[in-house]
Amino acid sequence: MKGKIVKGIGGFYYVACEDLKIYECKARGVFRNNKVKPLVGDDCEIEMVEDSEKITGNIISILPRRNKLIRPAAANADQAIIIFAAAYPEPHLGLLDRFLINMEQQEIETIICFNKIDDGSKEKIDKVHYYADIYSKAGYRVLLTSAHTKEGIDELKQLLKGKTSVLSGASGVGKSSILNAILPGFKAETGEISQKIKRGKNTTRHSELIQVDKDTFIMDTPGFSSMDFMDLSEDQLMYMYREFNEYNDSCRFTGCVHMAEPGCSVKKAVEEGNISKERYESYRSLFELLKSRRKY
């Protein structure tokens, strides 16, 4: 029987099958031997195993994946929704850029959501609008939402329709509150913000695929505070910044990586305001990081 893995906990995988039932399954040893780990979102085949108490199953094959994410660990996503709070905790643009690079590598479209726009001083909210403008001009869809006032929630619902969406973000950004706003009655556990460090407590402890309707799924994932990409070289990085694309081939020198070379079209675009200084400085910082790693 075919199904989709909707949750994995402690070596058990919960598979939603064609008969609309969810079966508790284990993965066969062949997966461990081949170093293949089933992921939430995987389409799979299972065989049924009956015992005296309940019907369970074994996962016997993982069907071909469209894509695979490492962090968050997931498969077959159509799009990613990355959520940041407007103020508490404050947006971490370096973390956002790293997340976007990971999604660009997998060719997964990302929607950026700045949540809690009803919570914070005018100065902080103005700064979020400034950030939203930066990423909109870079070519990303940006939403400003409030799970409390429901601002932007209807627009987010429309963007989720007919897709499998990974919902991700750091702890405390209001991810669970957004889920509750999207799915009344779902009752995702919401956490509190630590007043001392202005960070949230992680209430999602494992990835879970939630079916909204027949062809709409939301993948809720645990919060994270870091993001890495070890398999990217510094000369590939410029292709991960989508606003660079129209300038990459028009520099004076072939092979320009937009750092110290004269006649660089990307640097000129930054000077003219067509590429944000923040995004360019993010690129320079990550370029140097990747270059230093290569030396070792």
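1. Glu107 sits in the loop that links α2 to β9 (109–115). In this predicted model, Glu107 has a positive phi of about 60°, although it is not a glycine. Is Glu107 buried or exposed? Its relative accessibility is 74%, so Glu107 counts as exposed, the cut-off being over 50%.

2. His258 also deserves a look: its phi is positive, about 65°, and this residue is not a glycine either. You will find His258 in the loop between β13 (216–220) and α6 (265–271). Here the relative accessibility is 0%, and therefore His258 counts as buried.

3. Next, please turn to Pro89, in the loop between β8 (79–85) and α2 (93–106). The peptide bond that leads from Tyr88 into Pro89 is cis, with omega near -5°.

4. Asn67 is a good residue to explore with the side chains switched on. Its place is the loop between β5 (55–62) and β6 (68–69). Because its relative accessibility is 11%, under the 20% cut-off, Asn67 counts as buried.

5. What does the side chain of Asn67 reach at 2.9 Å? The partner is the backbone oxygen of Ala77. The side chain of Asn67 also reaches the backbone nitrogen of Asn76, at 3.1 Å.

6. For the wider surroundings of Asn67, set aside its neighbours within four places in sequence: Asn67 is then in contact with Ala74, Ala75, Asn76, Ala77, Gln106 and Ile108. Asn76 and Ala77 in that list are the residues whose backbone atoms the Asn67 side chain reaches.

Conventions: Residues numbered from 1 in each chain as written. Predicted model: local features only at pLDDT ≥ 70, side-chain atom pairs only at ≥ 80, totals over all residues. Heavy atoms only, no water. Helix = DSSP H or I, 4+ residues; strand = E, 2+ residues; numbered from the N terminus. Buried < 20%, exposed > 50% of the residue type's maximum accessible area, 1.4 Å probe, protein only. Polar contact = N/O pair within 3.5 Å; in protein donor to acceptor, adjacent residues only side chain to side chain. Contact = heavy atoms within 4.5 Å.
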